[in-house]
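Let's go through this one by asking short questions and working out each answer. Have the coordinates open as you read.

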Amino acid sequence: MSLSIAEHFAQGFGAPAALVARAPGRVNLIGEHTDYNHGFVLPCAISVESRVAAAPRGDGMIRVMAGDFGGATAEWALDAPFAPDPAQPWADYIRAMTAAMMARGHALTGADLAVNGTVPQGAGLSSSASLMVGIGTALARLAGLAIAPADIARMAQAGECDHVGVRCGIMDQLASACGVRDHALMIDCRSLEVRPVALPEGAAILIVHSGVARGLVEGAYNARRAQCEAAAAAVGVSALRDADLAMLEGARLDPLTLARARHVVTENARVLAAAEALAVGDLVAIGDLMAASHQSMRDDFEITVPRIDALVAELRALIGPAGGARMTGGGFGGAVVALCPADQADAVLGQLTYRKPDGTAPLVLRETACDGAGLIMM
Ligand code: GLA
């Protein structure tokens, strides 16, 4: 039986933890690569999560033990500048989070930390964002600081952009920090307003990991973001959120830039429509929107891969008109999300023939929407 994170902590540090924080991963139902264009997204927090056991230290040092990497350890001084450790890349996310919190002027205390998690890595389900939000939640409480969940999310995003080197948007961190049980979150990524939308009763969220790892995609991700920013500049808006198709057509963009921008503009409209469809439980409309979203990611934004296209097509065929499937997350591999009537879920998964590149059956999660980060022991 695997040890709980509090047990790992006690074994590793020889004393009990003062608290345990959790922060969930997320699945995005629709709205991909819209967040950094100041647009709309519709994710929900899910049951797989990162956990952080913590106790304060008086010497301003952070010492971390990774429950998932054979008990590997790392340590640094809170007031030292961020420096990546190529030997322990898992710790860079934690270093980035402490650096971002210190940069915002938060008076953190040193800490012993043990971390582990159940978010599959490389699946596009935000294992790194959930780890950083979990660290922020634990360290804020250890230092007696009342930091709003959305601010923890913002610091996690800043840490990832400034130190890890992915110019990500705010969706993953906000979903992990602000999730609401049984609800998706309609997030306006410009105002950061988070509006919970109840998931239809009797609808199942299925996640199937293609087994195509999302390794080393920072370059492709940042390139997409740069193309979007170039499109916005050419159209004369501060972000593609403010553009429509007519403006794109009038701006004489080159074909590639036009295609990238068209994905963002049409995807924003699909998110707004999906939130309305979700609110009235219209799984047929949602299925059509998911199909259009996937097609746009495949043809205009070019972030899908053939295996994922095949997995989405198979799920869509098995589910039929009430519900749908699309790739979720940053792209170039990772997982597919599907919505379908709950009483069909077993049949759909039972008939799925998709196999990972190594020929074995894919990892499947039947998910429910969960609450955002918080403390589970203190
Ligand atoms: C990654 C990023 C998010 C978002 C998605 C794509 O998950 O971290 O900010 O851009 O990709 O929608």
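Q: Is Asp112 buried or exposed?
A: This is a predicted model, where local features need pLDDT of at least 70, side-chain atom pairs count only at pLDDT 80 or more, and totals for chains, interfaces and linings use all residues. Residues are numbered from 1 along each chain as its sequence is written, and side-chain values use heavy atoms, with hydrogens and water left out. Buried means under 20% relative accessible area, exposed over 50%, and partly exposed in between (1.4 Å probe, protein chains only). Asp112 has a relative accessible area of 9%, so the label is buried.

Q: Which side chain meets Asp112 in a salt bridge?
A: A salt bridge here is a side-chain nitrogen of Lys or Arg within 4 Å of a carboxyl oxygen of Asp or Glu. For Asp112 the N to O distance is 2.9 Å. The partner is partly exposed, at 28% relative accessible area. That partner is Arg63.

Q: How many residues apart in sequence are the parts that Asp112 and Arg63 tie together?
A: Helices (H or I, at least four residues) and strands (E, at least two) are DSSP runs, numbered from the N terminus. Asp112 sits in strand E6 (residues 110-117) and Arg63 in strand E4 (residues 61-66), so the parts they tie together are apart in sequence by 49 residues.

Q: Which helix holds both Glu267 and Arg270?
A: These two form a salt bridge, with the closest N and O atoms 2.9 Å apart. Glu267 is buried at 0% relative accessible area, and Arg270 counts as buried too, at 11%. They lie three residues apart, about one turn of helix H8 (residues 255-279).

Q: Which residues are linked with Glu267 and Arg270 in a network of salt bridges?
A: The Glu267 and Arg270 pair is part of a bigger set of links. The other members of the network are Glu32 and Arg326.

Q: Which helices do Asp288 and Arg316 tie together?
A: Their side chains meet in a salt bridge at 3.1 Å, N to O. Asp288 is partly exposed at 44% relative accessible area, and Arg316 counts as partly exposed at 26%. The pair ties together parts 28 residues apart in sequence, because Asp288 lies in helix H9 (residues 283-299) and Arg316 in helix H10 (residues 306-319).

Q: How many residues does each domain bring to the contact?
A: The domain assignment (bounds from an automatic or database assignment) gives domain 1 as 5-195 + 370-377 and domain 2 as 199-367. Their centres, taken over C-alpha atoms, are 25 Å apart. With contact meaning heavy atoms within 4.5 Å, domain 1 brings 39 residues and domain 2 brings 46 residues.

Q: Which three residues supply 20% of the area that domain 1 buries against domain 2?
A: Buried area is the accessible area (1.4 Å probe) that two parts lose on being put together, summed over both. Between the two domains that comes to about 3,400 Å², with carbon and sulfur atoms giving 61%. On the domain 1 side, the trio that supplies more than any other three residues is Ile30, His33 and Arg167.

Q: How many salt bridges are there between domain 1 and domain 2?
A: A search of the whole structure finds 22 salt bridges. Arg167 also forms one, with its side chain meeting that of Glu229 at 3.1 Å, N to O. Between domain 1 and domain 2, the count is four.
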